[in-house]
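The following exercises are to be worked with the sequence and the coordinates at hand. Each task is followed by a solution in steps.

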Amino acid sequence: MAKIKAIRGMNDILPDQSPVWQYLEQTVSRVLRNYGYHEIRMPIVEQTDLFKRSIGEVTDIVEKEMYTFADRNGDSLTLRPEGTAGCVRAAEEHGLLFNQTRKLWYTGPMFRHERPQKGRYRQFHQIGVECFGMTGPDIDAELLILTARLWKALGLAPHVRLEINSIGTSEARKTYRQALVDYLSNYRDRLDEDSLRRLETNPLRILDSKAPETQAILQDAPDLVDYLDEASIEHFAGLKQRLELAGIEYTVNSRLVRGLDYYGKTVFEWVTDSLGAQGTVCAGGRYDGLVEQLGGKPTPAVGFAMGIERLVLMLETLERVPASVSGDADVYVMGMGEAGEAEALKVSEALRESMAQQVVVLHCGGGSFKSQMKKADRSGARYALIIGDNEVESRTVSLKPLRSEGEQQAVSQSELADTLTALLAAD
Ligand code: ATP
Ligand code: MG
């Protein structure tokens, strides 16, 4: 019978990859904790209307990328394509936004029916951060400052650059939109197909077009900067000033718009050249209108999401994974014969008790001494502990170095944990 395979674009994260994922996730959560952010966990499935109303009907995501299905009651549900909408829904539903500020983060899988390629998948993972109740550029700046700290912690700082822009209020964008449409309408015959369609539906997205001909036309297009309202200009100046204060380099990219409808004022992307075409590793911006749009009280908000797969790819390609990050064992314990096996179980448990940070693997599944030694070697352990009848008798353990020269030695059980701790620390 033919074997069932995973769904295209949905990846298994295998045991040899998960240590890098854990390292990344732990580093992110440590940095976020450092800044006083709190984790929130939302369901993966939400009502379809939540995404339609927040992301916008005429966006790539809602038009063609959502996994939408009818559940058994006939309700239209959708696998979340991003986390902001669900986070706003949850925060609002549980009264987290009432007269208070919030700094929240979450992580988990997102789903978009895109064409799978390197750095672009149908199930992918994001770490998202959302802040509520703060109007000023101070919080926008904090988000960028904390991401900069994260890049430093991960050793990625030299390989990412920050692009920022302000896309103003919705009124400012409306005026600009008209100017852009007027300009682009002169070039209808040269625009790519997607852009032509967007001219009617979502013209700002044309700025994002990858088509060279369209990009050439855009060279002389009106600039959003010239249409910004006073308040947005001031807000943007405040952001830039704080970034300079914190020593964070940035470039203003006046063509930067985001693919989701709910953004206004600040937008930003952290971009890398080390991944090829899929170069955006972290993206976000301000969305002061969204909470109200979803039925809540007007609440200023700003946030971002980063793609875990792309960051893992970066860590691997740039060889930034610390040597200590591995699934390797530290100690591999083998019992020979009935009494030896029983003793090995007890010794392993005692070691785990006093060496909670170390990986102590007890051999299971029997086999000859030779095959057990092979498995000990393959486990990556630095030391094998062998317990046979003699060792049981003398309450000792034979300790054999696997990664360094050195003789096998007998260590008394009472001194074993101390001896191993010292050896592992010295390596
Ligand atoms: P892109 O321009 O690459 O399509 P986007 O603007 O659609 O990105 P967002 O919705 O802002 O992306 O998501 C934030 C981050 O999540 C992206 O910068 C990227 O790192 C990651 N991401 C988005 N879509 C995917 C995907 N299909 N596969 C893997 N990572 C993704
Ligand atoms: Mg996209």
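**Exercise 1: The five-stranded sheet**

Tyrosine 383 stands opposite proline 401 in E15. The model is a predicted one, in which local features need pLDDT of at least 70, side-chain atom pairs count only at pLDDT 80 or more, and totals for chains, interfaces and linings use all residues. Residues are numbered from 1 along each chain as its sequence is written, chains are lettered from A and ligands numbered from 1 in the order in which they are written, and side-chain values use heavy atoms, with hydrogens and water left out.

Task. Determine in which sense strands E14 and E15 pair, and in which order the five strands of the open sheet lie.

Solution.
1. Strand E14 (residues 383-387) and strand E15 (residues 396-401) pair in the antiparallel sense over four bridges. Strands are DSSP runs (E, at least two residues; helices are H or I, at least four), numbered from the N terminus, and two strands pair if DSSP finds at least two bridges between them.
2. The order of the open sheet is E13-E12-E14-E15-E16, with mixed pairing.
3. Strand E13 (360-362) and strand E16 (409-412) are the edge strands, each pairing on one side only.
4. From one strand to the next, the twist averages 30°. Angles run from 0 to 180 degrees between N-to-C directions, and axes are lines fitted to C-alpha atoms, for helices over the stretch in contact (heavy atoms within 4.5 Å).
5. Helix H12 (residues 337-354) lies across strand E12 (331-335), E13, E14 and E15, and runs at about 160° to E13.

**Exercise 2: The surroundings of ligand 1**

Task. State which residues come nearest to ligand 1, and which elements give two or more residues to its shell.

Solution.
1. Fifteen residues lie around ligand 1, and Arg112, Glu114, Arg120, Arg258 and Thr280 come nearest; a residue is near if one of its heavy atoms lies within 4 Å.
2. Polar contacts (pairs of N or O atoms within 3.5 Å) are considered next. A polar side-chain atom of arginine 120 lies 2.9 Å from an oxygen atom of ligand 1, and a backbone N or O atom of threonine 280 lies 2.9 Å from an oxygen atom of the ligand.
3. Strand E6 (123-132), strand E10 (280-286) and strand E11 (301-307) each give two or more residues to the shell. The largest share, four residues, comes from E10.

Terms used:
Polar contact = N/O pair within 3.5 Å; in protein donor to acceptor, adjacent residues only side chain to side chain.
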